[in-house]
Amino acid sequence: MLIDNDNVLGPRYAIAAVRDHIEVIKDLRREAKGVDRQSLMELQTQYAEFASWLYQDLGDFDSAEFWLDRAFQWSHTVGDGDLTSYVMARKAQLAGEKRDLVDVVDLAEAAQRMARPRSRLAAVARTYESYGHALRGESTDSERAIDDVRNALDRVSSDATPWGVWLNEQYIDVHRAQGLEVLGQHAEAAEVFTHAITALPEGYHRDRGVYMARAAVAHAGAGSPEQAAALGLQALTVASDTGSGRIMRELARLDKALIPCQRQPKVSDFRENFDTALAHEA
């Protein structure tokens with residue numbers, strides 16, 4: 001239920017409940033024994049990883065890193081290798097979100113070494129590695145990693161682990177588009193983002209806003225400021241609905257990219273509305 005609410009409403013409505021539930025689980029563990037105690041520890045680890053994701057979407061990277069560290073530690077207590085591998089992959093994803101040129105590829109490679117060979121989790125980590133290579137300007141390595149993940153989709157679809165079940169063509173496309181954008185291939189990135197937005201299932205309101213904001217940045221880079229501004233306005237509405245810091249961070253990039261075109265009507269409209277949104281946040 002919390003995950004579904006996050007998809008629709010964003011992180012701010014879920015974070016307090018997640019933190020409360022973690023404390024309840026800790027209390028229950030004091031009296032539990034044997035299998036029940038271990039099951040509670042696994043649930044606590046899952047909640048910690050989810051808390052990290054919520055803080056990541058809010059834009060609070062320090063808290064996101066704190067809860068991922070807790071999840072990583074607790075996953076070792078559980079002894080679930082898949083869960084530990086997944087948390088390590090998430091560490092790589094967070095490093096990519098922070099545009100950390102040093103850690104993202106190393107963390108993704110570590111997650112792949114921890115994962116079962118040819119598993120879905122190995123493919124998830126390879127996806128994040130692709131973006132890390134793009135951040136470093138390593139276009140060939142980035143595309144090779146994406147191709148590897150795409151080629152593995154049929155094989156990993158029967159993987160029984162519950163982690164990374166969202167790995168599909170659309171998810172791969174989004175990460176490829178992110179890589180293309182940072183590599184300066186803006187027009188192609190915008191096209192791939194647009195395809196991913198169209199294919200996104202209903203109920204992913206916040207994620208649609210993230211993709212629209214990133215597509216807007218790509219359009220701006222490709223020299224289509226009015227199209228970028230129109231998408232930016234749509235994404236701004238989603239950011240207002242959900243409180244997503246990820247959307248606002250992309251829109252801040254868009255706002256800066258559109259300064260040379262600020263006299264165009266749609267661009268002016270976007271920048272005015274964005275300034276108003278920032279003032280309300282303050």
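Axes here are lines fitted to C-alpha atoms, for helices over the stretch in contact, and angles run from 0 to 180 degrees between N-to-C directions. The model is predicted, so to speak, from the start: local features need pLDDT of at least 70, side-chain atom pairs count only at pLDDT 80 or more, and totals for chains, interfaces and linings use all residues. Residues are numbered from 1 along each chain as its sequence is written, and side-chain values use heavy atoms, with hydrogens and water left out.

**View 1. Helix 5 packs against helix 6.** Helices are DSSP runs (H or I, at least four residues), numbered from the N terminus. Helix 5 (residues 81-97) and helix 6 (residues 103-114) have axes 8 Å apart, at an angle of about 165 degrees. That makes the pair roughly antiparallel (an angle over 145 degrees). Their crossing is left-handed (the near helix is turned anticlockwise from the far one by less than a right angle). Look for T84, M88 and A92 among the helix 5 residues that meet helix 6, whose own contact residues include V104, L107 and A111 (contact means heavy atoms within 4.5 Å). The residues of this contact divide into 10 nonpolar, 3 polar and 2 charged (Ala, Val, Leu, Ile, Met, Phe, Trp, Tyr, Cys and Pro count as nonpolar, Asp, Glu, Lys and Arg as charged, and the others, Gly among them, as polar).

**View 2. Helix 4 meets helix 5.** The axes of helix 4 (residues 61-78) and helix 5 come within 9 Å and cross at roughly 165 degrees. The two helices are therefore roughly antiparallel to each other, and the crossing is left-handed. F61, L68 and F72 are among the helix 4 residues in the contact, with V87, M88 and L94 among those of helix 5. Here the division is 9 nonpolar, 3 polar and 5 charged.

**View 3. I247 sits in the largest nonpolar core.** This core has 35 residues, and those with the most contacts inside it are I247, M248, L251, L254, L258 and F270 (a nonpolar core is a set of buried Ala, Val, Leu, Ile, Met, Phe, Trp, Tyr and Cys residues joined through side-chain atoms within 4.5 Å; buried means under 20% relative accessible area, with a 1.4 Å probe and protein chains only). Helix 9 to helix 14 each supply at least two residues, and helix 11 gives the most, with 9.

**View 4. H175 is buried in helix 9.** Its relative accessible area is 8%. Leaving aside neighbours within four places in sequence, H175 is in contact with T127 and Y128.

Technical notes:
Angles under 35 degrees count as roughly parallel, over 145 as roughly antiparallel, 65 to 115 as roughly perpendicular and the rest as oblique. Buried means under 20% relative accessible area, exposed over 50%, partly exposed in between (1.4 Å probe, protein chains only).
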